[in-house]
Amino acid sequence: MQPDPARIGLVEDDPVMGGSIVQRLELEGWRVTWWQSGRDAISGIEGLSDSLDLVICDIRLPDISGEVVFSELANLPNSPPFLFVTGHGEIDQAVRLMRSGAVDFMTKPFAMEEFLRRIDAGRRTTHSQLRLKGYFLGESPAIQHAEDLLRRYAGHDLPVLITGETGSGKEVAARLLHEVSPRRAEPFIAVNCAAIPAELLESEIFGHEKGAFTGAQQRHLGYAERAGKGTLFLDEIGDMPMPLQAKLLRLIEAGSFNRVGGETCCTFRARVVSATHRDLSQRDRPSSFREDLYFRLAVLPVTIPPLRERHEDIAWLLDRFLENAASRSNTRIRGFSALAEEAALAYPWPGNVRELRNRVERAVALSTSEWIMPGDLFPERATKPGNAAFVPLADVRDAAERRQIERALDETGGQIAKAASLLAISRTTLWEKMTRLGLVDRVRSTS
Ligand SMILES: Nc1ncnc2c1ncn2[C@@H]1O[C@H](COP(=O)(O)OP(=O)(O)OP(=O)(O)O)[C@@H](O)[C@H]1O
């Protein structure tokens, strides 16, 4: 199944289950170390942590729970990824563990082929390969954390709720989730619940039979049916009218629905992924949103942070959208001026990524020089001084210094002496700045 033999740790107290897992994994060519209690596993894994590619851990153990094993080992410098094996009643706990960093979970009973596939996907080598390929959503630790979660959620059929401000990239995240899931060859159907008039939404989602209402001249298949075995993405779910919420709950819980005016019960096979810019959690949920539906939709939650909380992505997105816009037009623009970049880093981006994309596209269309200037990105500032939001000057300087240092280190393959010379500062000054800005990991050689 895989070229290199993996080293797997197994924490399972049931001798029959444990024995058969060990036998099967060894047949696959993997080396397995088996512990039958949580305490034995903690001391065993501590000693082997570096060399284990994955730990498969039962949640219910005779002495302590698998959750305690995981949390006690989580702080090891090179702690291995954990795949949990759970009973049906423990899904909530498994989901909580995934949110705190476990790589995956399987519910008993499971098919061995699927189990092997999950082990192969979750083990450490695959993860480092994934890292090497880079992330799709951005460069900041915050967005990479969200992307890691989405990739972990991809192998499951449970509903996912994506929360984030308008324009932050919730639909992009939903599409990524679909693309990395086993459903990728099936349809991805996106429905914006806020954009469709309430009286049409039911027949748009569930379809209708001929004659169901005036004007229904033929049978119409709704989004739920057209999604097939793919993904049904319900955007702005917080705007779904109350009467439809009950029908949606049935769609998810029973896996079935009726077309409007129809008697036949249709089977629903798609995965539901929904998104909202509102906080639908218990604390702030509007009374117009059903609590039971919220819990059903949010089994696997993920938050897309606003752009102002992920500065590292601003420069990355600027370059990406500039490249896109430039490839579509016959532009002679070579890039962003340092001042334009600083202005972008200092701006709070209330409209998030969508606003950044629009501003770059407009700047490319209107700029008259080879380098995009602050006024191209923020033309309104020229006419409305004082309108722009302010951030501390020190933050602007740090962001600009970080970006230039990162560029110099990239250019020199992480060699501090050469980078210092490119930046026309001493090695000591560069080192001090890198320490302050948290960039010391980028250094390869201090020669
Ligand atoms: N990580 C990203 N990489 C590239 N483009 C992105 C990224 N995130 C968002 N975008 C772009 O930003 C715009 C808004 O993204 P998207 O529609 O996914 O946001 P949203 O949160 O779903 O918005 P809304 O709340 O309005 O539904 C789109 O043009 C999208 O292509």
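## An exposed alanine near the end of the chain

In this predicted model, alanine 424 is exposed, because its C-beta atom has 6 other C-beta atoms within 10 Å, and a residue counts as exposed when that number is 12 or fewer. Alanine 424 lies in the loop between α19 (416-423) and α20 (427-436), and its phi is positive, at about 60°, although the residue is not a glycine.

## Other points of the backbone to look at

Most residues other than glycine have a negative phi, and most peptide bonds are trans. Tryptophan 349 also has a positive phi, of about 50°, without being a glycine, and this residue is found in the loop between α14 (338-346) and α15. Tryptophan 349 counts as buried because 23 C-beta neighbours lie inside 10 Å, where 20 or more are needed.

The peptide bond that runs from lysine 108 to proline 109 is cis, with an omega near -10°. Proline 109 belongs to the loop between β5 (104-107) and α5 (112-122).

## The chain as a whole

The chain has 447 residues, of which 34% count as buried, and it contains 20 helices and 14 strands. Among the contacts with a separation of 6 or more, 70% are made by residues that stand 24 or more positions apart in the chain.

## Two nonpolar cores

The largest nonpolar core has 73 residues, and those that touch the most other members are Ile56, Cys57, Phe84, Ile162, Ala224 and Leu232. Helix α7 (residues 141-153) gives the most to this core, namely five residues, and both domain 1 (7-132) and domain 2 (141-305) supply at least three residues each. A second core, separate from this one, has 21 residues, including Leu318, Ala340, Ala343 and Leu345.

Leucine 232 shows what such touching looks like for a single residue: leaving out residues up to four places away in sequence, leucine 232 touches Ile189, Tyr223, Ala224, Ala227, Ala270 and Val272.

Leucine 221, by contrast, is exposed, because 12 other C-beta atoms lie within 10 Å and 12 is still inside the limit for that class. Leucine 221 is found in the loop between α9 (198-206) and α10 (223-226), and, apart from its neighbours within four places in sequence, it is in contact with Gly207 and Arg226. The C-alpha atoms of leucine 221 and isoleucine 205 are separated by 8.4 Å, while the two residues are 16 residues apart along the chain.

## Aspartate 58

The UniProt record, an unreviewed entry, places the feature "modified residue: 4-aspartylphosphate" at Asp58. In the model, aspartate 58 is part of strand β3 (residues 54-58), and it is buried, because 25 other C-beta atoms lie within 10 Å. Not counting residues up to four places away in sequence, aspartate 58 touches Val11, Glu12, Asp13, Gly66 and Val85.

## The surroundings of the ligand

There are 16 residues around the ligand, and Gly169, Lys170, Glu171, Val353 and Arg354 come nearest. Sorted by class, this shell holds four nonpolar, seven polar and five charged residues.

Helices α8 (170-179) and α15 (352-366) each supply at least two residues of the shell. The ligand lies between domain 2 (141-305) and domain 3 (308-383), because both domains give residues to the shell around it.

Key
Residues are numbered from 1 along each chain as its sequence is written. This is a predicted model: local features need pLDDT of at least 70, side-chain atom pairs count only at pLDDT 80 or more; totals for chains, interfaces and linings use all residues. A residue is near a molecule or strand if its C-beta atom, placed from the backbone, lies within 6 Å of it. Helices (H or I, at least four residues) and strands (E, at least two) are DSSP runs, numbered from the N terminus. Ala, Val, Leu, Ile, Met, Phe, Trp, Tyr, Cys and Pro count as nonpolar, Asp, Glu, Lys and Arg as charged, and the others, Gly among them, as polar. Domain bounds come from an automatic or database domain assignment. UniProt positions are given in the numbering used here, feature names are shortened, and annotations may be inferred rather than shown by experiment. Two residues are in contact if their C-beta atoms, placed from the backbone, lie within 7 Å. A nonpolar core is a set of buried Ala, Val, Leu, Ile, Met, Phe, Trp, Tyr and Cys residues joined through C-beta atoms within 7 Å.
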